Number of protein chains: 4
Amino acid sequence: MLARVPTSFKRLPRAVREQQMLDAAVKVFSRRGYHAASMDEIADDAGISKPMVYAYLGAKEELFTACLHREGTRLMEAIAAAVEPDLPADEQLWRGLRAFFRFVGAHRDGWAVLYRQARGEPPLAGAVVTMRGRMIDVVTGLLERALAARGREVRASELEIMAYALVGASESVADWLADHPEADADRAATRMMNVAWLGAGQLLDGELWRPADAG
Amino acid sequence: MLARVPTSFKRLPRAVREQQMLDAAVKVFSRRGYHAASMDEIADDAGISKPMVYAYLGAKEELFTACLHREGTRLMEAIAAAVEPDLPADEQLWRGLRAFFRFVGAHRDGWAVLYRQARGEPPLAGAVVTMRGRMIDVVTGLLERALAARGREVRASELEIMAYALVGASESVADWLADHPEADADRAATRMMNVAWLGAGQLLDGELWRPADAG
Amino acid sequence: MLARVPTSFKRLPRAVREQQMLDAAVKVFSRRGYHAASMDEIADDAGISKPMVYAYLGAKEELFTACLHREGTRLMEAIAAAVEPDLPADEQLWRGLRAFFRFVGAHRDGWAVLYRQARGEPPLAGAVVTMRGRMIDVVTGLLERALAARGREVRASELEIMAYALVGASESVADWLADHPEADADRAATRMMNVAWLGAGQLLDGELWRPADAG
Amino acid sequence: MLARVPTSFKRLPRAVREQQMLDAAVKVFSRRGYHAASMDEIADDAGISKPMVYAYLGAKEELFTACLHREGTRLMEAIAAAVEPDLPADEQLWRGLRAFFRFVGAHRDGWAVLYRQARGEPPLAGAVVTMRGRMIDVVTGLLERALAARGREVRASELEIMAYALVGASESVADWLADHPEADADRAATRMMNVAWLGAGQLLDGELWRPADAG
DNA sequence: AATGAATGAGTTTTCATTCAT
DNA sequence: AATGAATGAAAACTCATTCAT
């Protein structure tokens with residue numbers, strides 16, 4: 001948590017103000033949902049007047065999009081930092097999943113919640129398409145590299161479905177994680193990795209995938 | 001022989017009206033989203049006045065819940081009808097997935113859309129928990145039977161996460177299907193089955209699962 | 001309380017049905033207030049369908065008026081039965097007041113509550129004027145007889161104001177009684193009699209009026 | 001010298017708007033009654049939009065309460081200004097009553113009407129209790145001082161009933177005054193004073209109380 | 001640069017009342 | 001005689017958004 005900047009600091013540079021607003025918006029959107037969140041509450045929470053919010057970040061929809069964008073980027077950066085392109089595919093997938101669940105587990109008010117809300121709201125469809133596209137791209141890239149390393153090639157649409165399945169499964173397990181606050185992010189990542197890598201067939205036969213490292 | 005259908009469409013019995021209303025509500029909720037859907041439009045679309053909607057199905061939230069319940073039950077019935085408990089696990093999973101995607105593909109305004117919306121809306125959380133529980137139960141049951149057939153046993157929470165992953169993956173691929181109207185439901189089901197059954201590991205190595213039948 | 005007539009008794013004579021409805025209406029109006037009382041609840045409580053209420057007792061306003069009329073008449077009859085025109089004025093006033101407070105105390109859901117509600121509602125003004133007129137007439141008659149017995153005469157408008165004051169004071173003390181369920185009706189009547197008969201001047205000097213009898 | 005009154009009546013400071021709204025609300029509530037009064041009409045009458053009413057004075061119930069409070073306070077102040085604690089009790093009572101009737105007569109849309117409405121409305125019960133308490137306190141205080149001057153003492157509950165009677169009688173005569181627009185407030189006050197001070201017993205015997213002064 | 005004042009437009013919900021059977 | 005079905009009309013309340021200062 002960032003220390004709250006005292007309200008007495010007036011005339012802050014624009015960039016700082018914008019971050020304050022986004023912090024407040026993420027908080028309120030997460031807590032109340034897109035519709036139930038009121039611009040009033042967001043402005044109040046940011047310690048700023050409503051017209052300023054409009055002046056800096058635009059209307060409600062844009063504001064939400066900006067939140068989603070910022071949180072999504074942070075998530076993507078966390079994943080990117082964890083994955084090293086030269087490792088084998090399973091290690092890459094594992095590190096990516098682990099980073100994903102760690103991030104989601106650590107920011108329970110952030111991207112996962114916003115994304116979940118956005119998915120059901122037609123007016124936010126655009127933002128969702130954009131963000132999901134970025135996630136799909138990450139996964140697709142990983143798969144493509146893995147295939148290339150094996151000297152194989154697969155139609156793009158096949159890869160895309162697979163990426164959808166992986167992303168959807170991860171989101172769902174992230175939901176499970178969000179609903180079980182006592183659960184451990186790394187354990188969830190391990191389970192997810194098992195399903196994703198081995199598939200139900202091998203799992204049912206008792207096969208198991210285990211992380212190589214401890215951390 | 002049949003009872004005479006009245007020439008004017010007025011004064012229908014309650015049960016009929018309720019179905020008309022639910023039809024309209026599912027349509028409008030799907031098209032507009034929960035919040036943007038107005039009770040006015042739903043009533044109009046059902047060809048009935050608003051007070052009747054309130055009298056028969058209650059306030060907006062209850063109405064949505066009723067929609068979700070009806071559509072979810074239909075989906076579940078479609079899946080249940082397709083799965084035969086005595087078949088091997090992969091065949092069961094396949095038939096279940098195929099039934100799921102066929103249903104979702106055939107009712108693009110139905111369960112999948114409502115469910116997606118409900119997930120982001122705090123006020124609808126209760127309904128989501130109930131419905132998701134039913135889906136998870138179906139998948140968990142399937143996995144349990146498969147394990148039993150192999151003489152193995154696994155902790156309930158492990159199974160649950162696996163079920164979450166499968167359900168989430170399916171939902172996500174269903175989204176993909178919803179976004180690609182030209183796509184074929186059975187092909188999507190096959191892709192999904194591959195990911196779910198074989199896992200990324202074997203898929204990347206070129207293994208492939210194929211349906212046994214043609215239907 | 002009348003024993004509830006079982007709903008299975010259908011086709012009751014009109015007069016009986018009307019009393020059932022009035023019973024229900026008095027109850028619901030008293031409990032909820034004129035506006036918050038819904039015709040639905042009244043019909044339900046009477047164990048009858050709404051159209052019947054309309055057919056027998058008319059619209060909501062008429063229904064309320066009918067309630068007020070019935071309860072008011074009962075009150076007036078109770079007072080009339082208690083007052084004997086040949087007694088001295090103070091004895092008459094005392095008996096009238098005592099009957100009034102006893103009645104109000106015994107029917108805490110009846111006349112007093114309805115009347116209080118009606119007073120503030122412009123649409124019910126007519127009914128209030130009528131009922132209050134009847135009360136004022138009773139008091140005015142009492143005062144006139146008392147004056148006649150003393151061989152005096154006073155302008156009608158003077159008497160009228162006096163009657164207003166007495167009626168208003170009684171209503172107010174009745175309110176006090178309604179708000180103090182543990183209070184005793186006869187004690188309240190005695191206090192009221194003291195104020196009304198002796199006036200503040202004598203009361204402050206310690207004079208006291210006491211009922212002659214014990215009953 | 002005076003601050004320039006803006007040519008357009010827009011953008012007034014909050015305090016001013018609040019008074020305008022209260023003025024309009026008192027008017028509309030008095031004319032139509034609590035329920036029949038619509039927030040729309042009140043806003044229109046105040047020359048402002050509905051949301052401002054909600055923003056400044058809250059929901060309908062709070063708005064009504066605020067009206068009652070303002071008008072009640074004005075009435076109480078008028079009475080307090082008229083009564084001088086060092087005068088004899090009858091003089092105090094007389095001045096109080098006169099101030100009361102003058103005020104009520106001069107503000108036929110104010111306190112008396114609102115109070116009458118509030119009494120019958122269950123949702124406004126709280127406000128009524130508060131306001132009536134203040135009136136009762138004023139009268140009780142007067143009576144206590146009078147008793148103390150005579151060296152006597154009386155139980156609080158006795159005084160309370162007496163106060164109820166006096167307040168109720170005054171309200172009723174105020175009603176009479178409201179229904180007789182040609183009537184004179186001071187004459188009504190004199191009549192009321194006679195009943196209250198002398199009581200029916202002495203009045204019937206021809207005794208009469210008269211104000212000492214002419215004003 | 002910053003905000004208090006202001007509103008248009010829309011929504012859910014309720015209720016008295018009446019047909020058609 | 002009795003009722004389930006049906007509705008017109010209105011009311012309270014909220015919110016995103018913008019002026020004017």
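## Four chains and two DNA strands: a quick tour

To start with one pair, C:R132 forms a salt bridge with D:D175, the closest N and O atoms being 3.5 Å apart (a salt bridge is a side-chain nitrogen of Lys or Arg within 4 Å of a carboxyl oxygen of Asp or Glu). This is a predicted model, where local features need pLDDT of at least 70, side-chain atom pairs count only at pLDDT 80 or more, and totals for chains, interfaces and linings use all residues. Residues are numbered from 1 along each chain as its sequence is written, chains are lettered from A and ligands numbered from 1 in the order in which they are written, and side-chain values use heavy atoms, with hydrogens and water left out.

**Where chain C meets chain D**

- The C:R132 pair sits in an interface where the rule finds 8 salt bridges between chain C and chain D.
- You'll also find 24 residue pairs in polar contact there, both residues at pLDDT 80 or more (a polar contact is a pair of N or O atoms within 3.5 Å; within protein, one must be able to donate a hydrogen and the other to accept it, and residues adjacent in sequence count only if both atoms are side-chain atoms).
- On the chain C side, α6 (111–120), α7 (125–149), α8 (156–179) and α9 (185–204) each give two or more residues (helices are DSSP runs of H or I, at least four residues, and strands are runs of E, at least two, numbered from the N terminus).
- α9(C) gives the most to that side, with 14 residues.
- That side of chain C splits into 21 nonpolar, 11 polar and 15 charged residues (Ala, Val, Leu, Ile, Met, Phe, Trp, Tyr, Cys and Pro count as nonpolar, Asp, Glu, Lys and Arg as charged, and the others, Gly among them, as polar).
- In all, 47 residues of chain C are in contact with 48 residues of chain D (contact means heavy atoms within 4.5 Å).
- About 4200 Å² is buried between chain C and chain D, with carbon and sulfur atoms giving 61% (buried area is the accessible area, 1.4 Å probe, that two parts lose on being put together, summed over both).
- C:R119, C:I161 and C:L204 supply 17% of the area that chain C buries against chain D, more than any other three residues.

**Where chain B meets chain A**

- Here 48 residues of chain B are in contact with 47 residues of chain A.
- The buried area is about 4200 Å², and 61% of it comes from carbon and sulfur atoms.
- Chain B and chain A share 8 salt bridges.
- One of the pairs to look up is A:R191 with B:E158, a salt bridge with its closest N and O atoms 2.8 Å apart.
- The polar contacts across this interface come to 23 residue pairs, both residues at pLDDT 80 or more.
- On the chain B side, two or more residues come from each of α1 (14–32), α6 (111–120), α7 (125–149), α8 (156–179) and α9 (185–204).
- α9(B) gives the most to the side facing chain A, with 14 residues.

**Chains that stay apart**

- Chain A and chain D do not touch, and their nearest C-alpha atoms are 12 Å apart.
- Chain B and chain D don't touch either, with nearest C-alpha atoms 22 Å apart.

**Around DNA strand E**

- DNA strand E is surrounded by 35 residues, and the closest are B:R11, B:K50, C:K50, D:R11 and D:P51 (a residue is near a strand if one of its heavy atoms lies within 4 Å of it).
- Looking at the strand E atoms within 4 Å of the protein, 56% belong to sugar or phosphate and the rest to bases.
- C:K50 reaches a base: an N or O atom in its side chain is 2.5 Å from a base oxygen of DNA strand E.
- C:Y54 has a polar side-chain atom 3.1 Å from a phosphate oxygen of this strand.
- The surface near DNA strand E has 18 nonpolar, 4 polar and 13 charged residues.

**Around DNA strand F**

- Of the 34 residues around DNA strand F, A:K50, B:R11, B:P51, D:R11 and D:K50 come nearest.
- A:M39 uses its backbone, with a polar atom 3.0 Å from a phosphate oxygen of DNA strand F.
- C:S49 uses its side chain, with an N or O atom 3.1 Å from a phosphate oxygen of DNA strand F.

**A look at chain A**

- Chain A has 9 helices and 0 strands.
- An unreviewed UniProt entry annotates residues 15–75 of chain A as "domain: HTH tetR-type" (positions are in the numbering used here, feature names are shortened, and annotations may be inferred rather than shown by experiment).
- Residues 38–57 of chain A carry the UniProt annotation "DNA-binding region", again from an unreviewed entry.
- Over residues 38–57, chain A is 80% helix and 0% strand.
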